[in-house]
Amino acid sequence: MRYFLIAAAVLHAGFMAAELFPWRFPLLLRLASEKLSPGFTDEQQGLVATIVHNAGIYNGILAGGLLWAALPGIQGHDVARVMLLGAAAAGIFGTITLRSPVPAVQAAFGIAGLYLV
């Protein structure tokens with residue numbers, strides 16, 4: 001279980017990095033916006049980047065909580081359940097609204113983790 005929590009934390013840390021860096025036009029935003037035609041204006045890009053950055057912070061907090069739950073000596077089952085439930089809910093919502101397979105990975109890890117806890 002501990003290794004699963006660590007793997008889920010690493011996954012969310014990766015999401016965080018993709019949603020935060022590079023700062024002006026994050027990698028995940030750039031990949032998602034490739035499907036858009038004609039693309040974002042500079043003003044729209046700034047607004048959407050701010051929203052994506054907030055999602056990155058969420059994923060960083062989730063990664064930290066999952067790592068905390070995985071620490072030896074910590075009875076982190078309740079923390080793990082809350083974090084995994086949040087990951088599953090966000091992943092399901094993201095899959096539906098973004099129509100992308102990336103959040104589905106997040107949802108799958110959350111659901112599988114809930115089963116394991």
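Student: In this predicted model, in which helix is the place of N59, and is N59 buried or exposed?
Tutor: The place of N59 is in helix α3. Its relative accessibility is 2%, and since buried means under 20% relative accessible area, N59 in helix α3 counts as buried.

Student: Which residues is N59 in contact with, leaving aside its neighbours within four places in sequence?
Tutor: With those neighbours set aside, the contacts of N59 include Q106, a residue that is itself among the buried residues of α5. The full set of contacts made by N59 is H12, F15, M16, E19 and Q106.

Student: H53 is also found in helix α3; what is its relative accessible area, and which residues does it touch?
Tutor: H53 is buried, with a relative accessible area of 9%, which falls in the class because buried means under 20%. Not counting residues up to four places away in sequence, E19 is one of the residues that H53 touches, and E19 is also in contact with N59. The residues touched by H53 are E19, L20, W23 and P26.

Student: How many helices and strands does the protein chain have, and what pattern does it follow along the sequence?
Tutor: The secondary structure comes to five helices and zero strands. Read along the sequence, the protein chain therefore follows a pattern built of helices as DSSP runs numbered from the N terminus, namely α-α-α-α-α.

Student: How far apart are the end C-alpha atoms of helix α4, and what should its residues span?
Tutor: Helix α4 covers residues 77-98, and at 1.5 Å a residue its 22 residues should span 32 Å. The end C-alpha atoms of α4 are in agreement with that expectation, being apart by 30 Å.

Student: Which residues of α4 are buried, and within what arc do they fall?
Tutor: The buried residues in α4 are A80, M83, L84, A87, A88, G91 and G94. An α-helix has 3.6 residues a turn, so residues three or four places apart point the same way. Seen down the axis of α4, its buried residues line one face of the helix, because they fall within an arc of 140°.

Student: Which residues are exposed on the other side of α4, and what do the buried residues of α4 pack against?
Tutor: On the other side of α4, the exposed residues are D78, V82, L85, F93 and I96. The buried residues of α4, for their part, pack against α1 (2-20), α3 (42-70) and α5 (102-116).

Student: Which residues of α5 are buried, what covers them, and within what arc do they fall?
Tutor: In α5 the buried residues are P103, Q106, A107, G110 and G113. Seen down the axis of α5, these residues line one face of the helix, because they fall within an arc of 130°. What covers the buried residues of α5 includes α1, α3 and α4.

Student: Is A108, whose place is in helix α5, buried or partly exposed, and what separates its C-alpha atom from that of I92?
Tutor: A108 has a relative accessible area of 43% and is partly exposed. A108 and I92 are 16 residues apart along the chain, and their C-alpha atoms are separated by 8.7 Å.

Student: What share of the 117 residues in the protein chain is buried?
Tutor: The C-alpha trace of the protein chain spans about 50 × 25 × 15 Å along its principal axes. Within the protein chain, the share of the 117 residues made up by buried residues is 34%.

Technical notes:
Residues are numbered from 1 along each chain as its sequence is written. This is a predicted model: local features need pLDDT of at least 70, side-chain atom pairs count only at pLDDT 80 or more; totals for chains, interfaces and linings use all residues. Side-chain values use heavy atoms; hydrogens and water are left out. Helices (H or I, at least four residues) and strands (E, at least two) are DSSP runs, numbered from the N terminus. Buried means under 20% relative accessible area, exposed over 50%, partly exposed in between (1.4 Å probe, protein chains only). The expected span of a helix is 1.5 Å times one less than its number of residues. The arc is that of the directions from the helix axis to the C-beta atoms. Contact means heavy atoms within 4.5 Å.
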